[in-house]
Amino acid sequence: MTGLPVAASAAAPTLAPHPRLILDSATLTNLRARAAANVAQWQSLKATCDSYIGGTVNYPTGNTYPNLPNVGQGYEGSSYLPALMAESMCYQVLKTSNPTAAAQYGAKGVDILMKMSTPYTTQSGNQGESPCVDDGYVIRFYGVGFGLGYDWLYELLTPAQRTQVYTTANQWIATWQASGGCADFEYAHPQSNYYAGFFHAQVAIALATYDENSTAASQWNDWLTNQFGARVQPYYAKHLTGGGWPEGFANYAPYGVLNMSLPMREVKTATGMDLVNGSAPYSYPVDMANYAMHFTWPSLTYFDDRDTNHSGSTTQPPGTPNLSIYQQVLGEMTYWNAPAAQINAFNQFRMSISNTNAQYGQADPWVGFLEVSPGAPVAPLSTLPTSYFAQGMGAVAARSDWTTGATWMSFRAGPYINNPAQGEEYFDQGSLALVRGATPLLINATGWAVHNPQGTTGENDVYTDNYGNFSASNIGSGNRRPYNIFYVRHMNGSQLAEQFGQGAYTSESNGVRTQVTAYEDGSDYVFVQARWLNDMYRNFSAGPAVTGWTREIVYLRPNRFVVYDRTTTGSASYDQYMAWHFPASPVSSTTAAGLNRLDVTYGGQYAGALTTVLPAAAQVSTATIYPDLSPAKVWESQVRPNNTNVTQQWLAVFDLSSSASQVATVQPALITLGNVVGVQLFASDGNAVLINNGGAANTTISGSFAYSVSNGAARNIVTGLPANTGYTVSTTAGSTCSVRVTPGGTLKSSAKGVLDFKISSSCSL
């Protein structure tokens with residue numbers, strides 16, 4: 001992770017006067033105008049500021065959760081920071097228009113800051129907080145508060161008070177960076193919610209205290225050239241271009257995204273340096289907008305719930321969209337001058353999220369006041385694309401439209417990018433989730449299991465499944481089962497011989513090649529291919545469990561998905577299966593010979609159907625994955641081939657039509673020439689034929705190929721062709737419709753090797 005952005009320099013910066021972090025003159029002018037207009041966000045902030053006046057601020061060792069108007073640190077400083085920032089912002093906003101009120105807000109802010117920065121000692125009578133609490137978790141509140149509080153309250157602090165703040169802050173930064181220290185494993189990796197807190201704290205402290213703190217220059221130099229220039233910028237450019245947060249969006253993303261975004265703004269307002277739009281850009285603060293919109297369910301009631309989701313006691317599931325993310329991203333888009341059309345559409349999306357979920361998870365009042373401008377223009381969501389590829393995470397989302405009843409998919413395939421030692425990212429590379437409106441068909445079981453009732457039990461089950469110790473007789477411990485992926489098991493009779501599933505493997509440490517190798521939105525279809533998924537699997541003692549896995553998805557808008565997998569295992573003796581997870585018990589239905597169809601109804605709503613096509617005559621078994629949950633929440637269907645071949649082809653059709661009668665009739669296409677495989681789908685709302693390359697994943701279809709399907713008008717989609725290549729399609733009518741595709745001609749494959757054409761009911765083009 002090397003490569004310092006050209007814009008970065010170790011030279012001493014020319015610093016703006018205090019306040020220099022975020023609250024530059026333009027921002028303060030804007031905020032003061034909003035306060036004068038008494039907008040709703042100001043009312044909320046001022047009420048928060050007023051709520052602490054007249055109370056006592058407790059030391060970190062004092063009452064943690066006192067009643068208002070008193071202030072305690074809350075959970076490891078989580079109550080200190082919003083109180084400090086609120087009082088400091090109220091002071092800055094009102095100090096010229098209402099100095100009397102501003103004075104009491106400023107005094108309260110100083111009181112909070114001084115209690116927070118009380119030096120920590122191991123001696124009797126200590127009243128300060130240790131920077132080592134929870135492996136350094138606390139720095140996200142304390143450290144950020146030291147920097148921003150110092151800057152925003154600078155003129156109210158005495159020289160002795162300033163010295164206390166930056167002396168304590170220096171100790172915290174040094175402790176975090178100490179080799180072998182309490183935060184060592186968190187500091188070692190530039191992507192985690194822990195590191196994000198340090199990343200924000202260091203730059204805020206360095207720039208705020210630069211004039212008085214003799215250590216600040218070296219802190220700034222380290223942050224700019226090492227933390228940002230050599231670590232964060234190249235890592236985020238490689239792994240998080242397009243947005244995302246690999247630790248889950250329910251718990252860690254709100255502060256994580258904020259702490260990886262606001263530092264760029266602080267650098268700009270303090271030094272004039274633009275790190276977002278530099279020659280080596282850091283686009284993350286604005287990339288989050290597209291990610292947040294596209295990976296929210298069509299119903300707006302739920303976010304793509306991959307990775308860590310902690311259970312809670314609220315009625316909202318832990319995947320309910322956290323409004324604070326949308327609020328802060330809107331403000332950063334505006335600050336960094338994103339295109340107006342994008343800002344306006346995102347503002348409409350933010351408002352829709354807020355209205356749908358009763359403002360669930362809204363930002364701290366100081367963030368809401370800073371980032372949300374009342375009356376800002378909006379644009380219809382229909383102006384947005386209906387698919388999105390977050391290249392860094394290898395994440396693809398696609399939908400039928402932008403209505404709340406739309407059909408939606410989420411897919412991810414890439415190396416592990418979160419701190420492997422922290423383990424908040426889970427083990428689902430290659431996994432697919434499918435939803436229609438608010439009714440899921442394929443679920444992320446790790447998020448679904450932690451809903452109430454019994455959310456805590458579900459969370460424990462998920463944790464044990466991912467991180468439990470191996471037990472030959474307990475499949476639910478450490479095998480990482482709850483994902484919609486390919487699995488291979490080494491068995492000793494009826495018991496496990498070894499752990500199975502995917503691991504926390506990175507491209508940097510493990511040479512992982514896993515990636516989305518093709519993404520294309522062809523309007524009536526979306527094509528996605530992911531290769532080298534096998535790199536993510538834990539090996540067995542005798543060698544690799546999986547030596548090859550490529551997954552292709554063709555989304556046939558509006559409601560059908562064809563998933564085509566090619567896999568190779570390390571031994572014919574291993575047990576292999578494809579796993580699919582549902583929110584309700586699937587019911588077997590009648591289908592063509594050699595195929596299996598499962599229908600799912602959830603919450604009284606028909607969710608859709610799975611039909612397995614390949615392997616032919618596959619064996620399907622279904623059971624609840626966490627049987628201790630009552631009621632059961634997750635059902636797993638395992639699809640197994642009827643042979644032990646190490647190389648397999650798998651083809652499955654998911655249909656999210658709103659009723660069982662609308663589900664397409666699925667039949668294999670009869671291949672008459674060439675190494676291809678295919679399926680035909682017949683339905684009242686339109687027919688489709690899909691043809692895939694039957695050869696190895698790193699090849700394309702060569703020469704001519706032909707297939708025969710039932711008569712009827714149908715769109716035909718062929719994948720796996722050479723890109724931008726001309727073909728001729730000829731047809732022959734009869735008892736069936738015969739189609740032949742020959743290289744050379746005017747019909748061209750797309751840039752991703754997809755050929756898309758229609759056959760009429762009379763079997764002609």
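## Exercises on a predicted model

Arginine 480 is placed in the loop between α17 (455-467) and β6 (486-489). The model is a predicted one, and the exercises below treat its backbone, its first helix, its disulfides and the chain as a whole.

### Exercise 1. Unusual backbone angles

Determine what sign phi takes at arginine 480 and at serine 523, and decide whether each residue is buried or exposed.

**Solution.**

Step 1. Most residues other than glycine have a negative phi.

Step 2. Arginine 480, although not a glycine, has a positive phi of about 55 degrees. Its relative accessible area is 10%; buried means under 20%, so arginine 480 is buried.

Step 3. Serine 523 is likewise not a glycine and has a positive phi, of about 75 degrees. It sits in the loop between β9 (515-521) and β10 (525-531). Its relative accessibility is 58%, and exposed means over 50%, so serine 523 counts as exposed.

### Exercise 2. Cis peptide bonds

For proline 558 and proline 615, state which residue precedes each across a cis bond and where each proline lies.

**Solution.**

Step 1. Most peptide bonds are trans.

Step 2. Arginine 557 is joined to proline 558 by a cis peptide bond, with omega near 10 degrees. Proline 558 belongs to the loop between β11 (546-556) and β12 (560-569).

Step 3. Between leucine 614 and proline 615 the peptide bond is also cis, omega being about -5 degrees. Proline 615 occupies the loop between β16 (605-614) and β17 (619-624).

### Exercise 3. Helix α1

Compare the expected span of helix α1 with the distance between its end C-alpha atoms, then identify which residues are buried, which are exposed, and what covers the buried ones.

**Solution.**

Step 1. Helix α1 comprises 12 residues, 25-36. At 1.5 Å a residue, the expected span is 16 Å, and the end C-alpha atoms are 16 Å apart, so the two values agree.

Step 2. The buried residues in α1 are Thr27, Leu28, Leu31, Arg34 and Ala35. They lie on the same side of α1, because they cover an arc of only 125 degrees around the axis.

Step 3. On the face turned away from this buried side are the exposed residues Ser25, Ala26, Thr29 and Ala36.

Step 4. The cover over the buried residues of α1 includes α2 (40-52), α3 (80-94), α11 (262-271) and α15 (365-371).

Step 5. Just after α1, asparagine 38 adopts a positive phi of about 55 degrees.

### Exercise 4. Disulfides

State how many disulfides the structure holds, and find the pairing pattern of the bonded cysteines.

**Solution.**

Step 1. A disulfide is a covalent bond between the sulfur atoms of two cysteines. A search of the whole structure gives 3 disulfides.

Step 2. The sulfur atoms of cysteine 49 and cysteine 90 are 2.1 Å apart and form a disulfide. Cysteine 49 lies in helix α2 and cysteine 90 in helix α3, so the pair ties together parts that are 41 residues apart in sequence. The link is right-handed, with 90 degrees about the S-S bond. Both cysteine 49 and cysteine 90 are buried.

Step 3. Cysteine 132 and cysteine 182 form a disulfide with their sulfur atoms 2.1 Å apart. The torsion about its S-S bond is about -80 degrees, so this disulfide is left-handed. Cysteine 132 is in the loop between α4 (99-116) and α5 (139-152), and cysteine 182 is in the loop between α6 (159-177) and α7 (184-187), 50 residues apart. Cysteine 132, at 32% relative accessibility, counts as partly exposed; cysteine 182, at 22%, also counts as partly exposed.

Step 4. In the disulfide of cysteine 737 and cysteine 763, the sulfur atoms are 2.0 Å apart. The torsion is about 80 degrees, so the disulfide is right-handed. Cysteine 737 lies in strand β27 (residues 737-743) and cysteine 763 in the segment after β29 (755-759), so the pair ties together parts 26 residues apart in sequence. Relative accessibility is 3% for cysteine 737, which counts as buried, and 4% for cysteine 763, which also counts as buried.

Step 5. With bonded cysteines counted along the chain, the pattern is 1-2, 3-4, 5-6.

### Exercise 5. The chain as a whole

Assess how the radius of gyration of the chain relates to the globule rule.

**Solution.**

Step 1. The chain contains 18 helices and 29 strands.

Step 2. Its radius of gyration is 28 Å, close to the 27 Å that the globule rule gives for 765 residues, so the chain is as compact as a globular protein of that length.

Step 3. Of the 765 residues, 60% are buried.

Definitions and conventions
Residues are numbered from 1 along each chain as its sequence is written. This is a predicted model: local features need pLDDT of at least 70, side-chain atom pairs count only at pLDDT 80 or more; totals for chains, interfaces and linings use all residues. Side-chain values use heavy atoms; hydrogens and water are left out. Helices (H or I, at least four residues) and strands (E, at least two) are DSSP runs, numbered from the N terminus. The expected span of a helix is 1.5 Å times one less than its number of residues. Buried means under 20% relative accessible area, exposed over 50%, partly exposed in between (1.4 Å probe, protein chains only). The arc is that of the directions from the helix axis to the C-beta atoms. Contact means heavy atoms within 4.5 Å. A disulfide is a pair of cysteine sulfur atoms within 2.5 Å. The radius of gyration is taken over C-alpha atoms; the globule rule is 2.2 Å times the number of residues to the power 0.38.
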